[in-house]
Amino acid sequence: MDRAADRITSHSRSPRLCALLVAGLTFLLSGCAASSTTAPSVAPSAAPSLTPSPVVATPSPTVASSAAHGAWIGLDWQSPVELAPYESVFDAVAWGGGYVAVGQFQNSAGHGQAAAWFSADWHGWTRTSLDVPAAGDSSILRVLPVGPNLVAIGSSGVLHCVPPEGEGMVCDPLPTAIWTSADGHIWKRQPTPGALAGVTAADLAAGPNGLVLVGDTGWTQPGIWTSADGVGWNRQSLPKDIFASAHFDGIASAAGGWVITGYTGGSAIHCCTGSAGDTTPAAWFSSDGMAWQAATVEGAAAETGDQIGRVFAGRGGLVAWGGRDGSTGWTSPDGRRWSARPASASSPVNPEASDGDRIVGASYAGGNGETFWVTTDGASWQPLTASGATDKMPSWPGIGVSWATSEFLFPNVLGLVGENGTTSFPLWLAEVVTAP
């Protein structure tokens with residue numbers, strides 16, 4: 001596992017003990033110099049995004065009395081497969097008639113090497129790229145389609161920390177690494193633009209005209225970066241009155257524009273203290289990814305000590321993780337108004353993956369069992385019945401079981417990457433069952 005602590009991850013399932021991301025996997029970028037690429041007018045698009053966050057309680061599931069024709073009603077599970085030992089997948093995308101996955105391979109010396117894989121059916125995987133950094137570690141954390149190409153973004157370099165590895169360790173950001181591919185098989189390493197020097201990224205999302213990245217270049221310096229092609233980047237100039245004391249956790253492209261989630265206030269974290277109870281949840285929205293406004297945040301949890309974390313977009317609304325102790329979920333009809341939803345007595349649904357149309361989540365079902373759900377607005381959840389290889393589907397974390405840590409929603413297919421306590425990681429595929 002890459003020893004860098006990277007914040008921007010694949011669609012990590014934080015409610016599960018994410019062993020894949022045990023080092024934190026903070027996507028540490030690097031700058032502030034302007035790129036020569038003109039910042040795009042980033043149009044809205046249905047693209048999922050992800051940011052690590054605590055377990056969240058979302059609204060109690062609401063079950064519809066009947067299913068409309070073509071509605072999702074179940075998941076048909078296939079038996080999982082495993083990659084070779086020490087190969088870890090952090091993100092995946094449907095591409096070129098199959099699936100492209102990116103992540104890391106850990107070599108015998110314990111160093112991470114950025115890697116990519118291709119599969120025509122999610123079962124047989126071929127490693128198509130293995131980056132060997134000149135020194136240190138490398139890793140690919142995200143892969144997104146941008147026009148005719150795939151753009152993979154991660155980090156590569158030597159980790160510099162003070163003091164040495166252990167509790168209280170503070171590390172400099174690793175330099176950003178960018179790869180591109182037209183077919184998902186052949187990858188080319190691109191020069192890292194100066195605009196991304198010194199950046200710690202929180203999250204990244206794609207639209208039809210490019211990418212938007214959110215993060216900072218220091219505790220008091222929030223930043224938003226845009227790119228037309230994923231190779232050249234520009235940093236936006238942020239109005240201080242809108243982004244005063246802002247800290248970003250997530251970004252999503254939704255109907256009508258873009259949404260950033262996070263919090264304001266708090267104090268810089270040094271080892272084990274900071275930002276514990278003096279934060280206020282916050283969100284921002286934009287119709288074009290360039291001009292931003294502050295959203296209205298309502299609810300008791302909006303007072304102090306909370307945040308609006310990883311966000312998922314459906315065609316009827318959005319849902320986000322929230323609460324540093326996992327006690328609060330957030331919903332919004334349009335990204336402009338957010339409401340806190342406290343935990344219910346029953347097992348809550350944790351949102352896990354979205355495609356801009358639907359959001360899939362999971363809830364604890366007793367023992368090591370779990371139930372999967374679907375929603376289009378983040379508020380009303382419908383259960384998905386399980387069929388197929390149900391005895392081998394992912395379980396709730398526990399001894400001797402395999403659980404999912406990352407989920408990816410493709411057209412009519414749910415893909416999952418998991419952990420089972422070994423050096424190999426299971427990959428599941430579940431086909432969507434629709435109402436007749």
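1. Which residue in β5 is the bridge partner of Val102? The partner is Ala116. The model discussed here is a predicted one, and the points below take up a sheet, a loop residue, a hairpin and a cavity.

2. Val102 and Ala116 form one pairing between strand β4, which covers residues 98–106, and strand β5, which covers residues 112–119. These strands run antiparallel and are joined by eight bridges. As background, strands of a sheet pair through backbone hydrogen bonds, and the arrangement can be parallel or antiparallel.

3. β4 and β5 belong to an open sheet of four strands, with the order β3-β4-β5-β6 and antiparallel pairing. At the edges are β3 (87–95) and β6 (126–130), each of which pairs on one side only. On average, and ignoring direction, neighbouring strands of this sheet are turned by 25° against each other.

4. The loop between β6 and β7 (137–146) contains Asp131. Is Asp131 buried or exposed? Asp131 has a relative accessible area of 14%; because the cut-off for buried is under 20%, Asp131 counts as buried. Its side chain makes a polar contact of 3.2 Å with the side chain of Ser138.

5. Further along the chain, strand β22 spans residues 308–314. Seven of its seven residues are buried, so β22 is largely enclosed by the rest of the structure. A hairpin of two residues leads from β22 to β23. Strand β23 covers residues 317–322, runs antiparallel to β22 and is joined to β22 by five bridges. Within this pair of strands, Val311 stands opposite Ala320 of β23.

6. The largest cavity holds about 40 Å³ of space. Which residues line the largest cavity? The lining consists of Ala254, Ala255, Gly256, Gly257, Trp258, Val259, Phe285, Ser286, Asp334 and Arg336. By class, five of the lining residues are nonpolar, three are polar and two are charged.

7. Two strands, β18 (257–265) and β19 (279–286), each give at least two residues to the lining of the largest cavity. The largest share comes from β18, with three residues.

8. To recap, the four-stranded sheet is open and antiparallel, Asp131 is a buried loop residue, and β22 is largely enclosed by the rest of the structure. For a reader finding their way around the model, Val102 with Ala116 and Val311 with Ala320 can serve as places to look at the strand pairings.

Technical notes
Residues are numbered from 1 along each chain as its sequence is written. This is a predicted model: local features need pLDDT of at least 70, side-chain atom pairs count only at pLDDT 80 or more; totals for chains, interfaces and linings use all residues. Side-chain values use heavy atoms; hydrogens and water are left out. Two strands pair if DSSP finds at least two bridges between them. Axes are lines fitted to C-alpha atoms, for helices over the stretch in contact, and angles run from 0 to 180 degrees between N-to-C directions. On a 1 Å grid over the protein atoms alone, a cavity is a set of points where a 1.4 Å probe fits but cannot get out, and a pocket is an open set with protein on both sides within 12 Å along at least five of seven lines; lining residues have an atom within 4 Å of a point. Grid points are joined across faces, edges and corners, and a volume is the space filled by probe spheres set on the points. Ala, Val, Leu, Ile, Met, Phe, Trp, Tyr, Cys and Pro count as nonpolar, Asp, Glu, Lys and Arg as charged, and the others, Gly among them, as polar. Buried means under 20% relative accessible area, exposed over 50%, partly exposed in between (1.4 Å probe, protein chains only). A polar contact is a pair of N or O atoms within 3.5 Å; within protein, one must be able to donate a hydrogen and the other to accept it, and residues adjacent in sequence count only if both atoms are side-chain atoms.
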